[in-house]
Amino acid sequence: TYFMYSLLRKRVAQVLWQSSPTNIRTMATQTPARIAVAQMRSTNDKQHNFAQIQTITERAKANDVQFIFFPECCDYVGTHRDETLKLSEPLTGPTVQRYRALAREQNVWLSFGGVHESIIEETESGQEVKNIYNTHILINNVGELVASYRKLHMFNVITPEFKFRESETVRSGPALIPPVDTPIGRIGLQICYDMRFAEASTLLRKQGAEILTYPSAFAVSTGRAHWEVLLRARAIENQCFVIAAAQIGFHNKKRESYGHAMVVNPWGTILGEANPDQDLDVVVAELDFGKLQSVRANMPCFEHRRDDVYNLSTRASLPYANGATAKEKFSFGGIEIPPETIFYVSEHCFAFTNIRCVVPGHVLVSTKRVAARLPDLSPAEINDFFQTVCKVEKVAERLYNATSSTVTVQDGPDAGQTVFHVHCHVMPRHVGDFPENDQIYGELNRHDKEPERPRRPIAEMAAEAIRFREEMSRLGL
């Protein structure tokens, strides 16, 4: 019986995997994705670096590839902090414009795995300062910038061979971004030192990644020790392809990179590696999604994860910051929630401002998946739901100068539930806000029925959402 059950589980996993939109595409074409991965040596000469990018692109296109991956610092490597700051540009600057034109002219997707993005930001005191992010960008074959990810983990290390503090020049990014749909599969964007943080890659896999990228300018001493083993580990544990473009050689008198640009398949097999004796090299590889399918079906590790014991969750990238919207849409009780009113998104939940408030600051947290009651949620969803509620409660109390909150889930019609989609009301409380403290529950029961309590304007709800976003960002939530 157990043997038959195991076979059935394996077959179900195969069917589910094959039925996802990305894999319908791959299975239908029966053609492996053909990619190129670059190895190069950047200096502080932007023109020289772009000439290398052009050469690599031409070589790769001669091999009929669909996608080309370039390493971290492909735009330049500064000789000191001031030069690095001076050479940086916004993503609308001339360097990225040249990259976009190249993609369009060559009709190919390009990954530039770490450009120095400059941005003018305002400090808490109101001063404007220029900051740099290490930003991984994707450009499609018609020259559109389709995704950008700012490196999360700063390389601040001291080893017997060298000392390096990336955070003295570059700021860390705010969030992961969900895997990006491309013609070769769903790509999870990372950069170099990020590869040492397995949690990030696991979260990207849980969000649907098929390919993980680690464009790098890896130090020589740590490269000899850890480069290959880390890349293969990320591929094996997440059952994803891993693509790692690389810098190589001396960029200046102080800085040298390891090279060994590499492509690894989901079983941990190296599909291709750049020549360590060449400053300019191109690795061409084919990504066989049949192999990915068989690895995931035959060893379904992600089905075996113990979400009741441990769980990873994250707020989504593009977390509706500064009023921006994301492609993902969320509905509550069958009604689509205006994106400008959403102020927080986690792996399984989202939080948004309320149309009718019982008290100022009354907001809602809902699950993404439509489930009528708490027992219908998985352990991972329950964990994420209540973690999100606690974060939202903390922020609501700060914004509304409260030291207490009423936090309630009306779980079922006899408990007052009218929208049969799991959600929680978070309501900041103050002394004397009701004549009798528990009167709030009666008001909550009536709050969406009373004609004398009109709907709030969307503009008012959106303005409140911005305040929540800003405070959550300030608190690092």
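# Notebook: looking around a predicted model

**Entry 1: Leu444 and its company**

I began with the contacts of Leu444: setting aside neighbours within four places in sequence, I found it touching Val358, His362, Thr408, Gln410, His425 and Met427. This is a predicted model, so I am reading computed values throughout. I looked up where Leu444 sits, and it belongs to helix H10, which covers residues 439-446. Is Leu444 buried or exposed? Its relative accessible area is 3%, so I noted it as buried, the cut-off being under 20%. I also checked how Leu444 relates to Arg356: the two are 88 residues apart in sequence, yet their C-alpha atoms are 9.9 Å apart in space.

**Entry 2: Phe434, in a loop**

Next I went to Phe434, which I found in the loop between S23 and H10. With a relative accessible area of 13%, Phe434 counts as buried. Which residues does Phe434 touch, if I ignore those up to four places away in sequence? I wrote down Val358, Val359, Arg429, Gln439, Ile440 and Glu443. Val359 is 75 residues away from Phe434 in sequence, while the C-alpha to C-alpha distance is 9.8 Å. Val358 caught my eye here, as I had it on the list for Leu444 and met it again on the list for Phe434.

**Entry 3: the helix H9**

I wanted to test a helix with a little arithmetic, and I picked H9, residues 379-399. At 1.5 Å a residue, its 21 residues should span 30 Å, and the C-alpha atoms at its ends are 31 Å apart, so the two values agree. The expected span uses one less than the number of residues, which is why I did not multiply by 21.

Then I looked up which residues of H9 are buried, and got Ala380, Glu381, Asp384, Phe385, Thr388, Val389, Val392, Val395, Ala396, Glu397 and Leu399. What do these buried residues pack against? I listed strands S19 (342-345), S20 (349-353), S21 (363-367), S22 (404-408) and S23 (423-429), together with helix H11 (458-474). After H9 comes Asn401, and I noted its positive phi, near 50°.

**Entry 4: H6 and H7**

My next stop was helix H6, residues 198-206. Its buried residues are Ala200, Ser201, Thr202, Leu203, Leu204 and Arg205. Among the elements covering them I found strand S9 (185-189), strand S10 (211-213), H7 and helix H8 (289-298). Just past H6, Gly208 has a positive phi of about 110°.

How do H6 and H7 pack? I read an angle of about 35° and an axis separation of 10 Å, and the crossing is right-handed. On the H6 side I noted Ala198, Ser201, Thr202 and Arg205, which meet Arg234, Glu237 and Asn238 of H7.

**Entry 5: H3 and H5**

I looked at another pair of helices, H3 (residues 46-62) and H5 (residues 94-106). Their axes lie 12 Å apart, at an angle of about 15°. Angles under 35 degrees count as roughly parallel, so H3 is roughly parallel to H5. In the contact, H3 contributes Lys46, Gln47, Phe50, Ile53, Gln54, Thr57 and Lys61, and H5 contributes Thr95, Arg98, Tyr99, Leu102 and Gln106. I also looked up the handedness, and H3 passes H5 in a right-handed crossing.

**Entry 6: positive phi in loops**

I then checked two residues that are not glycine but have a positive phi. Gln239 has a phi of about 55° and lies in the loop between H7 (220-238) and strand S11 (241-244). Its relative accessibility is 2%, so Gln239 is buried. His260 has a phi near 60°, and I found this residue in the loop between strand S13 (256-258) and strand S14 (262-264). At a relative accessible area of 15%, His260 is buried too.

**Entry 7: cysteines**

A disulfide is a covalent bond between the sulfur atoms of two cysteines. How many disulfides does a search of the whole structure find? I got zero. I looked up two cysteines anyway: Cys240 is buried at 0% relative accessible area, and Cys349 is buried with a relative accessibility of 0%.

**Entry 8: the whole chain**

To finish, I stepped back. The protein chain has eleven helices and 23 strands. Of its 477 residues, 52% are buried. Among contacts between residues at least 6 apart in sequence, 69% join residues at least 24 apart.

Conventions: Residues numbered from 1 in each chain as written. Predicted model: local features only at pLDDT ≥ 70, side-chain atom pairs only at ≥ 80, totals over all residues. Heavy atoms only, no water. Helix = DSSP H or I, 4+ residues; strand = E, 2+ residues; numbered from the N terminus. Buried < 20%, exposed > 50% of the residue type's maximum accessible area, 1.4 Å probe, protein only. Contact = heavy atoms within 4.5 Å. Disulfide = S-S within 2.5 Å. Axes fitted to C-alpha atoms, helices over the stretch in contact; angles between N-to-C directions. Parallel < 35°, antiparallel > 145°, perpendicular 65-115°, else oblique. Left-handed = near helix turned anticlockwise from the far one by under 90°.
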